[in-house]
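Thanks for coming, everyone. I'll take you through one chain today, piece by piece. Have a look at it first.

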Amino acid sequence: MNLKYQASVALIALSACAAVQAGNHGVVASVAADKATLGKADNVTVRLTITNTSAQPQLILKWHTAFGEIEESLFKITRDGVDVPYLGAHYKRGAPTPSDYYLLKPGASHTVKVELSDMYDMSITGQYTVSYRARSGNLFGTNEKSIGEVTSGAASIWIDGRLPRGSTSDALAAKAPANPSPAAGTLAFSKCTTSQQATVVQAVSAATSMASGADAYMGGTLGARYLKWFGALDSTRVNNVKAHYVAIKDAFQNKPITVDCGCKKTYYAYVYPTQPYTIYVCKAFWTAPLTGTDSKGGTLVHEMSHFNATAGTDDWVYGQSGAASLAISDPAKATDNADSHEYFGENTPALN
């Protein structure tokens, strides 16, 4: 493709996205299973096809496409009608830039083969359904203000798994870190230099202060600070946020935290939501300020909110602008958004 053409089309599409209504922008997806029946030793693979059915070029956020390494929960999988848990990671990234988008020309399709059994618990015998679901702010461009969504129909697969129907999965235990867990209320390190350990200690202290401050604020009169990051007051949503910060504060103060410094990716950090309380910090973490917007302390609050044992948050949008817009357009998703929890905790600039 001509690079000049690609760049110009990308700029046009990014600008156009702000004016297009929320939805799929004419981008559709389908999922097809390689085999309808699988045995104990078979990998679970599907083919995902994403097509631009519109007459205009469309951009789609790369990390929601499965065209590269899968780093989000992109599929809804059920076994005998019950949701199958995602075992992969949740990342803290910066707000998306134009380079984070994949360009689909009008009528173009892209197909990728995806292996699922290392990211979802598919060890139990049963009838499985697999469908693709990409739901995110900025899914179709950096100027988009609402949640975009692309979903597919479901492919059906019978799996004769290692475990019989009705079993309790051993997948979560198998995914657990090999190192012994630290004692409750302690901080342990993995792959961290001495200087990195000192930095992490400061960051955990800052995160603990943020979580404690957020918890205290939620116990008082809610004002501009709450409205900025979580939107209009609603008793159910307010109670959910209160419970989140109680759990996050308790985790920093009383749970066995491990920080792993081995990540070489450009992101801030990531966690496996089913594996509390290990946090993997990446390159952007080390250059972030200790406190303030997108800080080291705030990054740890973000990641702590992802654990199912605390708040079980997702990543609907990244960045302050996206989080603030989400609070207005969809407060329910704001209360489920990790960056919203981080920015509320960082409280920069300070709001009452």
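How many bridges join strand E3 to E9, and in which sense do the two run? Seven, and the strands run antiparallel. E3 covers residues 45–52. One pair to pick out on screen: Leu 48 stands opposite Val 112 in E9.

Before I go on, a reminder: this is a predicted model.

Now some totals. The chain has 352 residues, and 51% of them are buried. It has 10 helices and 16 strands. Take the contacts with a separation of 6 or more. Of those, 72% come from residues 24 or more positions apart.

Back to E3. E3 belongs to an open sheet of three strands. The order is E1-E3-E9, and the pairing is antiparallel. What stands at the edges? Strand E1, residues 27–33, and strand E9, residues 109–115. Each has a single partner strand, so one side of each has no neighbour in the sheet. Neighbouring strands here are turned by 20 degrees against each other on average, direction ignored.

Stay in that sheet and zoom in on Thr 49. Thr 49 sits in strand E3. Is Thr 49 buried or exposed? Its relative accessible area is 19%. The cut-off for buried is under 20%, so Thr 49 counts as buried. Its side chain makes a polar contact of 2.8 Å with the side chain of Thr 111. What else does Thr 49 touch, leaving aside neighbours within four places in sequence? Val 28, Ala 29 and Ser 30 are in contact with it. So are Ser 109, His 110 and Thr 111.

Next, the five-stranded sheet. This one is also open, with the order E7-E15-E16-E14-E13. Here the pairing is mixed. The edge strands are E7, residues 90–92, and E13, and each pairs on one side only. The twist averages 25 degrees from one strand to the next.

Look at E14 in that sheet, residues 257–260. Ile 257 and Val 259 point one way. Thr 258 and Asp 260 point the other way. Are these four buried or exposed? All are buried.

Which strands pair with E14? On one hand there is E13, residues 187–190, which runs parallel to E14 and is joined to it by four bridges. Leu 187 stands opposite Ile 257. Phe 189 has Val 259 as its bridge partner in E14. Then there is E16, residues 278–281. E14 and E16 pair over three bridges, in the parallel sense. There, Val 259 stands opposite Ile 279. So Val 259 appears in both lists, facing Phe 189 and Ile 279.

On to helices. H3 is residues 194–218, and H5 is residues 235–254. At what angle do they pack? About 150 degrees, with their axes 9 Å apart. Over 145 counts as roughly antiparallel, so that label applies to H3 and H5. The crossing is left-handed.

Who makes the contact? From H3, the residues include Val 204, Ala 207, Thr 208, Ala 211 and Met 218. From H5, they include Val 238, Val 241, Tyr 245, Ile 248 and Phe 252. Charged side chains take part too: Asp 215 of H3, and Lys 242 and Lys 249 of H5, are among the contact residues.

One more residue on H3: Ser 205. Its relative accessibility is 44%, so Ser 205 counts as partly exposed. How far is the C-alpha atom of Ser 205 from that of Phe 252? They are separated by 8.6 Å, while the residues are 47 apart along the chain.

Last stop, helix H7, residues 296–306. How many of its residues are buried? The count is 11 of 11. Among them are Lys 296, His 302, Glu 303 and His 306. Leu 300, Val 301 and Met 304 are also on the buried list. What caps the N-terminal end of H7? Ser 295 does, through a side-chain oxygen that lies 2.9 Å from the backbone nitrogen of Gly 298. Gly 298 is itself buried.

That's the tour. Let's go back to the screen for discussion.

Conventions: Residues are numbered from 1 along each chain as its sequence is written. This is a predicted model: local features need pLDDT of at least 70, side-chain atom pairs count only at pLDDT 80 or more; totals for chains, interfaces and linings use all residues. Side-chain values use heavy atoms; hydrogens and water are left out. Two strands pair if DSSP finds at least two bridges between them. Axes are lines fitted to C-alpha atoms, for helices over the stretch in contact, and angles run from 0 to 180 degrees between N-to-C directions. Buried means under 20% relative accessible area, exposed over 50%, partly exposed in between (1.4 Å probe, protein chains only). A polar contact is a pair of N or O atoms within 3.5 Å; within protein, one must be able to donate a hydrogen and the other to accept it, and residues adjacent in sequence count only if both atoms are side-chain atoms. Contact means heavy atoms within 4.5 Å. Angles under 35 degrees count as roughly parallel, over 145 as roughly antiparallel, 65 to 115 as roughly perpendicular and the rest as oblique. A crossing is left-handed if the near helix is turned anticlockwise from the far one by less than a right angle, and right-handed if clockwise.
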